[in-house]
Amino acid sequence: MSIVLVLVVQALNSFSDNFVKMLLIALSIIIAKDSWVGRHMELWLGAIFSLPYMIFAPLAGYWSDRFSKRNVIIWMQVMQIICFIWLTLALWMQRVPGSLEICLIGFFLLAVQAAVLSPAKMGVMKELAGSRRLGRVSGWLQVTMLAGILGGMWAGGIWYGTEYEKTGDAWMSALWPLIIISILGIGELFASLGIQKTPSHPEVRWRKSMAWEHFESVKIVFRRRSIRLAALGVTYFWFISNALSFILVTLTKELHPDTGHGDGPMELAKVAGILGIGAHGRAGSGAVGGIAGVADDL
């Protein structure tokens with residue numbers, strides 16, 4: 001049951017993050033398309049979401065090694081709710097400039113939350129499932145994460161476009177969906193509380209060298225050919241996926257400018273969803289993980 005709860009929490013977390021991302025992109029198309037933020041909102045959000053994974057990687061890994069991984073997951077669900085409240089208040093202001101810039105700060109905090117959650121949710125699976133089933137549950141982690149990403153991208157744009165068509169109010173069309181997603185975050189918190197307790201490790205101590213040790217680890221990755229090729233393959237996949245995403249989002253914004261009917265955000269959501277299914281079409285991850293798990297069992 002705890003494994004299922006972890007899968008549900010991380011899938012909903014991915015869904016919420018990408019839902020918010022699409023809401024902000026769709027809103028910027030309408031209310032700030034001529035501002036320095038609105039013209040390239042997708043690029044700002046992409047960069048902001050990536051930075052914490054590089055900056056806070058050592059600290060996130062340390063927290064998951066030092067403290068109970070279950071507790072880290074719970075803390076991050078609380079932080080996600082706080083970030084949603086921040087974003088909701090920023091949109092409530094309805095100011096240009098102002099609200100979108102404050103939203104970028106809130107989105108950065110949301111990215112920090114996701115970066116800290118990442119090693120905790122992956123590490124807790126070994127404690128819950130054991131080494132023999134790790135390949136199988138890792139596959140399901142990938143599948144549910146990608147399902148959350150694609151679902152959030154699609155739902156965020158479609159919901160915003162639908163609301164904007166009905167009301168014609170750009171701000172409220174983003175605000176109400178965000179409030180609903182914030183309520184969903186409370187459900188994620190309750191789900192995380194149901195995860196089996198895992199031990200903390202007080203013997204793990206923070207060292208100053210940990211702050212830059214992950215750069216040293218890159219040397220280890222490139223020293224062994226098999227690991228190097230795997231790392232380069234994963235890097236290439238995500239690079240191409242995100243590059244195509246940015247190109248098609250920009251193209252869609254140009255071909256479907258705001259007409260007051262919400263068609264721009266909805267077309268953006270459809271394109272992002274179709275691209276995601278193609279570029280992230282790794283449902284085979286579950287099958288591969290399952291095969292690896294069976295191989296371990298044998």
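Biologist: Which residues is Asn18 in contact with, leaving aside its neighbours within four places in sequence?

Modeller: This is a predicted model, in which local features need pLDDT of at least 70 and side-chain atom pairs count only at pLDDT 80 or more, whereas totals for chains, interfaces and linings use all residues. Residues are numbered from 1 along each chain as its sequence is written, and side-chain values use heavy atoms, with hydrogens and water left out. A contact requires heavy atoms within 4.5 Å. With neighbours within four places in sequence set aside, the contacts of Asn18 are Ile149, Gly152 and Met153.

Biologist: Is Asn18 buried or exposed?

Modeller: Asn18 lies in helix H1; helices are DSSP runs of H or I of at least four residues, strands are runs of E of at least two, and both are numbered from the N terminus. Buried means under 20% relative accessible area, exposed over 50%, and partly exposed in between, with a 1.4 Å probe and protein chains only. Because its relative accessibility is 12%, Asn18 counts as buried.

Biologist: How many residues of H1 are buried?

Modeller: H1 has 30 residues and reaches 43 Å from its first C-alpha to its last. That span is close to the 44 Å expected at 1.5 Å a residue, the expected value being 1.5 Å times one less than the number of residues. H1 is mostly covered, and the number of its residues that are buried is 25.

Biologist: How many helices does the chain have?

Modeller: From the N terminus on, the elements run α-α-α-α-α-α-α-α-α-α-α. The number of strands is zero, and the number of helices is 11.

Biologist: Which element supplies the largest share of the largest nonpolar core?

Modeller: A nonpolar core is a set of buried Ala, Val, Leu, Ile, Met, Phe, Trp, Tyr and Cys residues joined through side-chain atoms within 4.5 Å. The largest one has 44 residues, of which Leu27, Leu91, Phe107 and Tyr160 touch the most other members. Several helices each supply at least two of its residues, including H4, helix H5 (99-129) and helix H6 (134-167). The largest share, 10 residues, comes from H1.

Biologist: Which residues is Leu91 in contact with, leaving aside its neighbours within four places in sequence?

Modeller: Leu91 is one of the residues that touch the most other members of the largest core. Apart from neighbours within four places in sequence, its contacts are Leu27, Cys103, Trp171, Ala174, Leu175 and Leu178.

Biologist: How many residues does the second, separate core have?

Modeller: Among its members are Val6, Val72, Ala129 and Ile195. The size of this second core is 21 residues.

Biologist: Which elements give two or more residues to the nonpolar patch on the surface?

Modeller: Patches are made of residues with over 30% relative accessible area and no salt bridge (a side-chain nitrogen of Lys or Arg within 4 Å of a carboxyl oxygen of Asp or Glu); like charges are joined within 9 Å and nonpolar side chains (Val, Leu, Ile, Met, Phe, Trp, Tyr) within 5 Å. Val218, Phe222, Leu229 and Leu232 form this patch, with about 340 Å² of accessible area together, computed by the Shrake-Rupley method with a 1.4 Å probe, only the protein chains shown counting as cover for residues. The elements that give two or more residues are helix H8 (210-223) and helix H9 (225-255).

Biologist: What is the relative accessibility of Phe222?

Modeller: The place of Phe222 is in helix H8. Phe222 counts as partly exposed because its relative accessibility is 42%.
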